[in-house]
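Subject: Structure handover and findings

Hello,

I am passing a structure on to you, placed just below. My notes on it come after.

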Amino acid sequence: KLIGRDGATEFVNTNEYGEEWQVQPYEDMLFLEAREPRFIGCKYPDKKAVASARKLRSTTGFNELAKKACQHLNAIDYALCV
């Protein structure tokens, strides 16, 4: 399950989940030094890059292993996994 910061909200969309857990500018620092990135917003890969990476992975023989390992995931997460 993808649970939000409030401990109750359940997310289906992994992008929304990631945005939920971004460190916000008003939050205390977790480390001794401030360094980038610190709440830069989410940057998503372009679709061509994702398709190219998937094509490469499918030719290496790991595709079948990924399908087995990810079969329990919902459709969106499965597509990202494989």
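The notes below go from the overall fold to the disulfide, the salt bridges, a pocket and two single residues.

Please keep in mind throughout that this is a predicted model.

Overall fold

The protein chain has four helices and two strands. In sequence order the pattern reads β-β-α-α-α-α, with the strands β1 and β2 covering residues 2-3 and 10-11. Three of the helices are α1 (14-20), α2 (47-58) and α4 (75-81), and α3 spans residues 63-70. Of the 82 residues in the protein chain, 10% count as buried. If you take the contacts between residues at least 6 apart in sequence, 19% of them join residues at least 24 apart.

Disulfide

The count of disulfides is one. The disulfide is formed by C70 and C81, with the two sulfur atoms 1.5 Å apart. C70 belongs to helix α3 and C81 to helix α4, so this pair ties together parts that are 11 residues apart in sequence. The two cysteines fall into separate accessibility classes: C70 is buried, at a relative accessible area of 3%, while C81 is partly exposed, at 32%. You may want to look at the sulfur distance of 1.5 Å yourself when you open the file.

Salt bridges

There are two salt bridges in the count. What does each of them connect?

One is between E27 and R5, whose closest N and O atoms lie 2.3 Å apart. E27 is in the loop between α1 and α2, and R5 is in the loop between β1 and β2, so the pair ties together parts that are 22 residues apart in sequence. Both partners are partly exposed: the relative accessible area is 21% for E27 and 34% for R5. Since the limit for counting a residue as buried is under 20%, E27 at 21% is partly exposed because its value does not fall under that limit.

The other salt bridge joins the side chains of E64 and K67, at 3.6 Å from N to O. This pair sits within one element: E64 and K67 are three residues apart in helix α3, which means that about one helical turn separates them. E64 is exposed, with a relative accessible area of 52%, whereas K67 is partly exposed at 31%.

Second largest pocket

The space in the second largest pocket is about 210 Å³. Which residues line this pocket? The lining consists of N13, T14, N15, Y44, P45, D46, K47, V50, I76 and L80. Helices α1, α2 and α4 each contribute at least two residues to the lining. Sorted by class, the lining holds five nonpolar, three polar and two charged residues. D46 and K47 are the charged ones, and the polar ones are N13, T14 and N15.

Two single residues

I3 is located in strand β1. The relative accessibility of I3 is 28%, which puts this residue in the partly exposed class. Leaving aside residues up to four places away in sequence, I3 touches A8, T9, E10, F11, Y17 and W21. One of these, W21, is 18 residues from I3 in sequence, and the C-alpha atoms of the two are 9.7 Å apart.

F62 is in the loop between α2 and α3. Is F62 buried or exposed? At 55% relative accessibility, F62 counts as exposed. The C-alpha atoms of F62 and V82 are 9.2 Å apart, with the two positions 20 residues apart in sequence numbering.

To recap the links that span separate elements: the disulfide pairs C70 in helix α3 with C81 in helix α4, and the salt bridge of E27 and R5 pairs the loop between α1 and α2 with the loop between β1 and β2.

Regards

How values were computed: Residues numbered from 1 in each chain as written. Predicted model: local features only at pLDDT ≥ 70, side-chain atom pairs only at ≥ 80, totals over all residues. Heavy atoms only, no water. 1 Å grid on protein atoms, 1.4 Å probe; cavity = no way out; pocket = protein on both sides within 12 Å on 5 of 7 lines; lining within 4 Å. Points joined across faces, edges and corners; volume = space filled by probe spheres on them. Salt bridge = Lys/Arg side-chain N within 4 Å of Asp/Glu carboxyl O. Buried < 20%, exposed > 50% of the residue type's maximum accessible area, 1.4 Å probe, protein only. Disulfide = S-S within 2.5 Å. Contact = heavy atoms within 4.5 Å.
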